[in-house]
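This report looks at open and enclosed spaces, at helices and at a handful of single residues. Please keep the sequence and the structure in view while reading.

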Amino acid sequence: MTVWILFLAAILVFLALDLGVFNKNPHVIKPKEAGIWTGIWVAMSFLFSIVINWLYSNEYIANPTGIKPAVATMKFITGYLIELSLSIDNIFIIAVIFASFKIPQKYQHRVLFWGILGAILFRGLMIFFGVILINKFSWMTYLFGAFLIFTAFKMLFKGEEEEFNPKKSFVYKNLRKIMPITHHIEGEQFFVKRKHIKAATPLFVALIVIEVMDMLFALDSVPAILAITSDPFLVFSSNIFAILGLRSMYFFLANMLEKFSYLEYSLIAILTFVGIKMLLVHYYKFPEWISLGFIALSLLIGIVISIKKSETTE
């Protein structure tokens with residue numbers, strides 16, 4: 001438990017420094033600043049893989065699946081890359097939500113900061129129950145695997161779907177029924193008083209919609225990482241590092257999402273692969289280097305093709 005406590009404490013310290021020091025005053029986060037922070041979070045994630053190796057080498061952390069330190073390191077990196085790649089769709093939805101509620105850029109970081117706290121709590125609960133289900137009921141791996149393949153095929157064969165409109169969503173409609181909502185931005189405030197009535201501002205509404213959408217995305221991402229490992233610490237830590245880097249990645253990629261349109265096919269390939277891996281888990285176990293190599297190669301190919309296609313159309 002000591003390692004878990006130290007890890008959670010480190011997360012809280014990072015978040016406190018983020019909001020209390022580096023982003024104390026609301027400001028527009030430009031692509032250069034976001035790119036630097038994206039690089040820092042990615043570098044920290046890969047450096048933490050060294051910590052993973054050290055923890056499992058010295059048996060400082062429970063090892064319920066009995067994996068070797070090198071394997072634990074590869075599983076962490078593989079899980080992190082999966083979660084990072086699945087965050088791309090999330091980034092697009094966040095951009096749509098902010099645009100719909102007309103959230104000024106200088107306040108978007110604050111909304112995402114509190115959104116991250118909610119995401120950490122919810123992902124933690126999902127991972128906890130997901131690990132219990134897989135360990136208690138072995139057939140759950142088939143269910144998760146089939147669900148991931150279904151999701152991949154749904155992405156592949158989807159037609160021209162109606163664009164997501166947050167103001168027409170189930171969340172927004174029901175939120176209006178339980179509390180007053182003002183359409184005016186009041187600085188960084190989530191709530192304001194109007195004639196002795198406390199009303200939610202667009203910032204709070206955007207936060208709630210983002211939280212609910214993250215829950216829906218977690219239905220894909222958590223089973224995907226459980227296909228790599230059912231070790232609770234590896235699943236949780238790789239998930240959290242991907243979530244922590246989501247804000248800076250959003251500000252870095254928000255204006256360039258169209259340039260990475262072919263990454264969707266990378267996500268389809270990754271979801272299909274991990275789905276197949278779960279379906280075959282009791283018959284054949286893929287070596288860790290194959291999983292890591294396939295996911296890294298899928299992302300690389302998607303990025304390269306997207307960049308080349310965008311250059312030819314410009």
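About 530 Å³ of space lies in the second largest pocket, where a pocket is, on a 1 Å grid over the protein atoms alone, an open set of points with protein on both sides within 12 Å along at least five of seven lines, and a volume is the space filled by probe spheres set on the points, which are joined across faces, edges and corners. This pocket is lined by 21 residues, and those closest to its centre are Ile 228, Thr 229, Ser 230, Val 281 and Lys 285; a lining residue has an atom within 4 Å of a point. H4 and helix H10 (263-279) are the elements that give two or more residues to this lining, helices being DSSP runs of H or I with at least four residues and strands runs of E with at least two, numbered from the N terminus. The lining of the second largest pocket divides into nine nonpolar, eight polar and four charged residues, with Ala, Val, Leu, Ile, Met, Phe, Trp, Tyr, Cys and Pro counted as nonpolar, Asp, Glu, Lys and Arg as charged, and the others, Gly among them, as polar.

The model is predicted, so that local features need pLDDT of at least 70 and side-chain atom pairs count only at pLDDT 80 or more, while totals for chains, interfaces and linings use all residues. Residues are numbered from 1 along each chain as its sequence is written, and side-chain values use heavy atoms, with hydrogens and water left out.

**Enclosed space**

Searching the whole structure gives three cavities of 30 Å³ or more, a cavity being a set of grid points where a 1.4 Å probe fits but cannot get out. The largest cavity has a volume of about 80 Å³, and its lining consists of Asn 90, Ile 94, Leu 112, Gly 115, Ile 116, Ala 119, Ile 210, Glu 211, Asp 214 and Leu 246. Helix H3 (69-100), helix H4 (105-136) and H7 are the elements that give two or more residues to this lining, and the largest share, four residues, comes from H4. By class, the lining of the largest cavity has six nonpolar, two polar and two charged residues.

Met 213 also belongs to helix H7 (residues 202-226). Met 213 is classed as buried because its relative accessible area is 14%, the cut-offs being under 20% for buried, over 50% for exposed and partly exposed in between (1.4 Å probe, protein chains only).

**Helices and core**

The 27 residues of helix H2 (residues 31-57) should span 39 Å at 1.5 Å a residue, and its end C-alpha atoms are 39 Å apart, so the two values agree; the expected span is 1.5 Å times one less than the number of residues. Helix H5 (residues 140-156), with 17 residues, reaches 24 Å from its first C-alpha to its last, close to the 24 Å expected. The buried residues of H2 include Trp 41, Phe 48, Ile 52, Leu 55 and Tyr 56, and those of H5 include Phe 144, Leu 148, Ile 149 and Met 155.

Tyr 56 appears again, with Ile 120 and Phe 233, among the residues with the most contacts inside the largest nonpolar core, which has 93 residues; such a core is a set of buried Ala, Val, Leu, Ile, Met, Phe, Trp, Tyr and Cys residues joined through side-chain atoms within 4.5 Å. Beyond four places in sequence, Phe 233 touches residues that include Phe 48, Ile 52, Leu 55 and Tyr 56, where contact means heavy atoms within 4.5 Å.

**Single residues**

Which residues have a positive phi although they are not glycine? Glu 59, with phi near 55°, and Lys 102, with phi of about 55°, are two such residues. The table sets out where four residues lie and how accessible they are.

| Residue | Place | Relative accessibility |
|---|---|---|
| Met 44 | helix H2 | 26%, partly exposed |
| Glu 59 | loop between H2 and H3 | 69%, exposed |
| Lys 102 | loop between H3 and H4 | 67%, exposed |
| Pro 180 | loop between helix H6 (170-178) and strand S1 (191-194) | 40%, partly exposed |

Met 44 and Gly 245 are 201 residues apart in sequence, yet their C-alpha atoms are 9.8 Å apart. Leaving aside neighbours within four places in sequence, Met 44 is in contact with Phe 14 and Phe 241, and Pro 180 with Ile 197, Lys 198, Ala 199 and Ala 200.
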